[in-house]
Amino acid sequence: MTNDRGRRERTPVAVPRTFLLLAAVACGLFALPLAGLVLRAPWDRAATELGTPEVREALRLSLVCSLSATALAVLLGLPLGWVLARVDRPGIGLLRGLVMLPVVLPPVVGGIALLVAFGRRGIVGALLERGFGVSLPFTTAGAVLAETFVAMPFFVLTLEGALRALDLRLEDAARTLGAPPWTVLLRVTLPLLKTSLVAGAVLCWARALGEFGATITFAGNFPGRTQTLPLAVYVALETRPEAAFLLSLVLLLVSLLVLVALRRRWLWIS
Amino acid sequence: MLDAAIETTLGELTLSASLEVDAGEVVAVLGPNGAGKTTLLRALAGLVPVRTGRVVLDGDVLEDTATGRCVPPERRRLGVVFQDYVLFPHLDVRENVAFGLRCQGAPRHQAHAEAERWLARLGLTAHARTRPGRLSGGQQQKVALARALAARPRMILLDEPLSALDVAARAELRRELGDVLRSFAGVRLVVTHDPLEARALADRFVILEHGRVVQTGTPAEVTARPRSAYVARLVGVNLLRGRGEGDLVRLPDGGALVAPGAGFGDVLAVIHPSAVALHREHPHGTPRNVWRGVVEGVELYENRVRVRIGGPRALVAEVTPAAVSDLGLDRGGEVWMSVKATEIETYPA
C-alpha cells in the first residue's frame, strides 16, 4: 500500500517515446481480437443463439467438468504440493518437472498420452475395464480427467510456492502446544494458505474451463457428454461462425472476470 | 526435573550436551551465536531428531535412542516461547492463547475463559480480539508467553525471550517475565546470548560453546572462575591461561604473573577489571605485576569506565571517570598497568 502511494507521489519516470509505442502495439495485440469479436458478434440474435439446447448443454457440461476437475485437483493437488514443498529426497526435482509437464506440453500430446494410459487398451485403462467395468475415454468422466491433467499443475505450483514461503516454526509452535499433525494442517497450515489456495484453485478452474486439446483427443466431441464450450466453439466455427463469435465472447468474459477478481484480491497483493 | 543428555548433528554443528534442571531453579543456557542453543532447545521439544541420547522429564522418558522411544512434540506437554514469538497471524490474541487447551480437547468457552485469565494477568485484556500483527513487540512476547503457559506445560523453554525488543520494552518485560517464571511450578529453561538477561532471570548458568557445555554454575561461581575466554568476556573479567610454578604463573608468551598459591600444572588466572590500576608512569611500591600498554578503547558503563588496553599484556581495566581525566587517557595513548598479586585468582585449568 505504501509502495503504491509512494509511486503515485513521484514525478513520471522519463521513458523514450518509441518504448511507449511498442507498449501500445502490445496492447493492440491483446485488445484488437477482443474488439473484433465484440464488433462482429450478431448481437441481435444473441439471445436465440445462446439459448439453443446445444449451447446450453455445452455451457452446463463446461461448468460441471471444470468444477469437477478443480475439486479433483484440489483434493489430489494439496498432498502433492505438500510433498513437493516439504519432502527433501532425491527425485523430488524430477517429480516437480513431471508435474510441470502439462503446462508446457501441447494439450493434444497430453490427450494422446492419456489415451495410451487410460484408453480401453491402455495400461491402466484395460485394468479398469476388466476389473470394474469402467471405461474413461469418450465419457464425461474422461473429459474431467483430461481437464484435471492439464489444469492441476496451476494449483499445485501455486500451493507449493505458498508452502515454501510459510514459516515452518508456526507449525512447530502448534505441535508443541499439543496439536497432532491433522490439527496442525487444518487449524494452522491450511488457514494460513487460504489466499493462495483460492488463487490456485481459481487459476486451475479457469484453465480447465478453456481446455480443448486434451479433452477432444481423449474424450472426443460428443454433444451432451464431452462437448464442452471450447469444443462447441470449434464445431460452430465450421457451420455458424457468428454463433462461434458469441460463444467465444462468453468464454472470454468469464476468463476476464476471473483474472480481474484475482488481481484485486489475491494474485498481486498477497 | 529435567535430565537430558543428547547428541545430534545439524548442518555443520554437532551438539553434544547434558543438562539437568531442577524444578526449583531457572537455568539459562548461554552461548555465542551458532553455539547450538536453539538446537538444544528444539531437540528437547522433539522438533529436531536426536542421534543418541536420553531426555527424561519428571521421570517420564521423552526420548531414549537406546530403546527407540521418541515422544512426538505434541505429546511432550512443554511450553515453548520461540524467538520472535511465532504467533498465529490468522487467529486473534485470545484464540492464540487458547490454542493449546483447545488441542487438549477443552470446550471452546472454557479455553477462552482460561485464555482471558492469562491476558488479564499480563494486562492484555483490551487486546483479546486483536490479531497479533497489530501488537507491539513487548505485547506479542507476552501473548507468546501466555500461549505457552495456558496449555499447562510441565516445562517451559524460552528462546531469546527479550532479544527482539527495544531497550525500554526489554527492561520492563524482563521484570514481568521474571515474575511469571518464578510463579511457574515446572522446569524452566531460558536460552540467551545476553548475560544481563541471564542474570535477571536465572539461578544457574549452563554455558554452551561449539555445541558443548563448557561450564555450569551459579552466576557468582561462573564470574569467579570462568573456564573459557568467551565466558570471561561474558561476565566481564580478564582471563589468562598459563603454567603454574608455585607462586608464579608462566604465560605462553614468555611473560609471567606473580600470584601466590598458583600451584603447578595448567592454570587459569582471573583478574577483575577493577583490580587493574592505571598509571601515567612506571609505578613504584608494592605491586609486583606491572606492564606497559596502549589504550585501545574507552567505554562508559553507568558510573564506571572500562578501558581496553592492548600490547603484549592485553587487559581490560575498570576505573572511575575522574581517573580517566586525571590520567588523560586517550585512544592510542601509552599507559602503565599494575595488579596486586593478591588480586589474582588462580585455579586449575
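**Exercise 1. Find what surrounds helix H4 of chain B, and say how far H4(B) is enclosed.**

Start with the cover: the buried residues of H4(B) are covered by elements including strand S7 (78-81), helix H2 (93-103), helix H3 (108-121), strand S8 (155-159) and helix H5 (167-183) of chain B. Helices (H or I, at least four residues) and strands (E, at least two) are DSSP runs, numbered from the N terminus. This is a predicted model; local features need pLDDT of at least 70, side-chain atom pairs count only at pLDDT 80 or more, and totals for chains, interfaces and linings use all residues. Residues are numbered from 1 along each chain as its sequence is written, while chains are lettered from A and ligands numbered from 1 in the order in which they are written.

Next, apply the burial rule. A residue is buried if 20 or more other C-beta atoms lie within 10 Å of its own, exposed if 12 or fewer, and partly exposed in between; C-beta atoms are placed from the backbone. In H4(B), 12 of the 14 residues are buried, so the rest of the structure largely encloses this helix. Among them are Gln139(B), Lys142(B), Leu145(B) and Arg147(B).

**Exercise 2. Check the span of H4(B) against its number of residues.**

Take the rule first: the expected span is 1.5 Å times one less than the number of residues. H4(B) covers residues 137-150, which is 14 residues, so it should span 20 Å. Its end C-alpha atoms are 20 Å apart, which agrees.

**Exercise 3. Repeat the check for helix H8 of chain A, then locate its bend.**

H8(A) runs over residues 140-165. Its 26 residues should span 38 Å, and its end C-alpha atoms are 37 Å apart, which agrees. Now the bend: this is the angle between axes fitted to the seven residues ending at a residue and the seven starting there. H8(A) bends by about 40° at Ala151(A). A proline, Pro153(A), follows within four residues. Finally, burial: 21 of the 26 residues of H8(A) are buried, so H8(A) is largely enclosed by the rest of the structure.

**Exercise 4. Compare the surroundings of Val86(B) and Arg152(B): buried or partly exposed?**

Begin with the backbone. Phi of Val86(B) is near 50°, a positive value in a residue other than glycine. Phi of Arg152(B) is positive as well, near 55°.

Then place each residue. Val86(B) lies in the loop between S7 and H2 of chain B. Arg152(B) lies in the loop between H4 and S8 of chain B.

Last, read the neighbour counts. Val86(B) has 22 other C-beta atoms within 10 Å, so Val86(B) is buried. Arg152(B) has 13 C-beta neighbours inside 10 Å, so Arg152(B) counts as partly exposed.

**Exercise 5. Trace the pairing of strand S1 of chain B with strands S2 and S4.**

Two strands pair if DSSP finds at least two bridges between them. S1(B) (residues 2-10) and S4(B) (residues 52-57) pair in the antiparallel sense over six bridges. Here Leu2(B) has Leu57(B) as its bridge partner.

S1(B) also pairs with S2(B) (residues 13-21), again antiparallel, over nine bridges. Leu10(B) stands opposite Leu13(B). S1(B) and S2(B) form a hairpin with two residues between them. In the turn, Gly11(B) has a positive phi of about 60°.

Terms used: Contact = placed C-beta atoms within 7 Å.
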